[in-house]
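Here's a friendly walk through a protein chain you may not have met before. Take a look at the picture, then read on.

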Amino acid sequence: MLESGWGSVVRRPVAGVVALVLFVEALGVAALNWVLASVVDRQGMSLAGLDPDMMSTASKTGGIVFGLYFALCGLVALLAAVRDRSPAGLGRALLISAAVTHALLGAVAWSLVGPLAFLWMVVVLGLIVLLLMTYDGRPERPADAAPGDGSPVTPPVTPPAAPTAP
């Protein structure tokens, strides 16, 4: 875990980079599936007797759904960067699922596309994990915060009393 001093310096830029990368990936995935659907549609390709129109529609739909998923994950990262707060609940679950998705796609990309695609997936996976790890869930209290201003306050520790002689 990063120290609180470095964590506050690293958090926002990492969240911003993750948001940008996920938005670019959202557009790239949607565009790639749309182009592949157009190729299948224009060529009248069929895979094991499947209807080319059905394959084209499924590819376009999958591209849109997957693109929206990555865009939603990017929005969660962007909100974390703007608010400088840890994503919680559904947002955190979305980022964790995006990390798992990149890990699985990286494993498949090595064999189907090559080492460069694998490297890209691992870098994005690392960025998402870094985003999740830099926000450790504990609220930070500013150094100049006074007690009673809503900041978490730890009670003072009193040492035990010395025993008295009888």
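A charge counts as sitting over a ring if NZ of Lys or CZ of Arg is within 6 Å of the ring centre and within 35 degrees of the ring normal. Here, the charged end of K60 does just that with W34, sitting 4.7 Å from the centre of its ring. Keep in mind that what you're looking at is a predicted model.

**The overall layout**

Let's step back. The chain has four helices and zero strands, so to speak in shorthand, its elements run α-α-α-α from the N terminus on. Of its 166 residues, 29% count as buried. The accessible surface adds up to about 10900 Å², and 72% of that belongs to carbon and sulfur atoms. If you take the contacts with a separation of 6 or more, 67% of them are between residues 24 or more positions apart.

**Checking the helices**

How does the end-to-end distance of a helix match the span expected at 1.5 Å a residue? For helix 2, helix 3 and helix 4, here is the tally.

| Helix | Residues in it | Expected span | End C-alpha distance |
|---|---|---|---|
| Helix 2 | 32 residues | 46 Å | 46 Å |
| Helix 3 | 23 residues | 33 Å | 32 Å |
| Helix 4 | 20 residues | 28 Å | 28 Å |

The expected span is 1.5 Å times one less than the number of residues. For helix 2, the two figures agree; the same verdict of agreement holds for helix 3 and for helix 4.

What comes right after these helices? Helix 3 is followed by G114, with a positive phi near 135 degrees. Helix 2 is followed by D84, whose phi is positive too, near 55 degrees. Most residues other than glycine have a negative phi. D84 is a residue other than glycine, yet its phi is positive. You'll find D84 in the loop between helix 2 and helix 3. With a relative accessible area of 25%, D84 is partly exposed.

**The core**

In soluble globular proteins, nonpolar side chains tend to be buried together. In this chain, the largest nonpolar core has 25 residues, and those with the most contacts inside it are V18, L22, C73, L95, I128 and L131. The elements giving two or more residues to this core are helix 1 (4-43), helix 2 (52-83), helix 3 and helix 4 (115-134). The largest share, eight residues, comes from helix 1.

Zoom in on I128, a buried residue of helix 4. Leaving aside neighbours within four places in sequence, I128 is in contact with V18, L22, L95, A98, A99 and H102. Of those partners, L95, A98, A99 and H102 are among the buried residues of helix 3. Others buried in helix 4 include M121, V124 and L127.

Now try A15, which is found in helix 1. Is A15 buried or exposed? Its relative accessibility is 0%, so A15 counts as buried. Beyond its neighbours within four places in sequence, A15 is in contact with A77, A80, A81, L131 and Y135. A15 and V76 are 61 residues apart in sequence, but their C-alpha atoms are 9.1 Å apart in space.

S59 has a place in helix 2. The cut-off for buried is under 20% relative accessible area, so at 18% relative accessibility S59 counts as buried. Not counting residues up to four places away in sequence, S59 touches N33, L36 and A37.

**The aromatic rings**

A pair of aromatic rings is described by the distance of the centres and the angle of the planes. The structure holds four aromatic pairs. One of them is Y69 with F70: the ring centres are 5.4 Å apart and the planes are at 40 degrees, so this pair is tilted. Planes count as stacked under 30 degrees and as edge-to-face over 60. W110 and F118 make an edge-to-face pair, with 5.1 Å centre to centre and 85 degrees between the planes.

How buried are these rings' residues? F70 has a relative accessible area of 1%, so F70 is buried. F118, at 30%, is partly exposed. Finally, F66, Y69 and F70 form one aromatic cluster.

Notes: Residues are numbered from 1 along each chain as its sequence is written. This is a predicted model: local features need pLDDT of at least 70, side-chain atom pairs count only at pLDDT 80 or more; totals for chains, interfaces and linings use all residues. Side-chain values use heavy atoms; hydrogens and water are left out. Rings of Phe, Tyr and Trp (its six-membered ring) pair if their centres lie within 6.5 Å; planes under 30 degrees apart count as stacked, over 60 as edge-to-face and the rest as tilted. Buried means under 20% relative accessible area, exposed over 50%, partly exposed in between (1.4 Å probe, protein chains only). A nonpolar core is a set of buried Ala, Val, Leu, Ile, Met, Phe, Trp, Tyr and Cys residues joined through side-chain atoms within 4.5 Å. Contact means heavy atoms within 4.5 Å. Accessible areas come from the Shrake-Rupley method with a 1.4 Å probe; for residues, only the protein chains shown count as cover.
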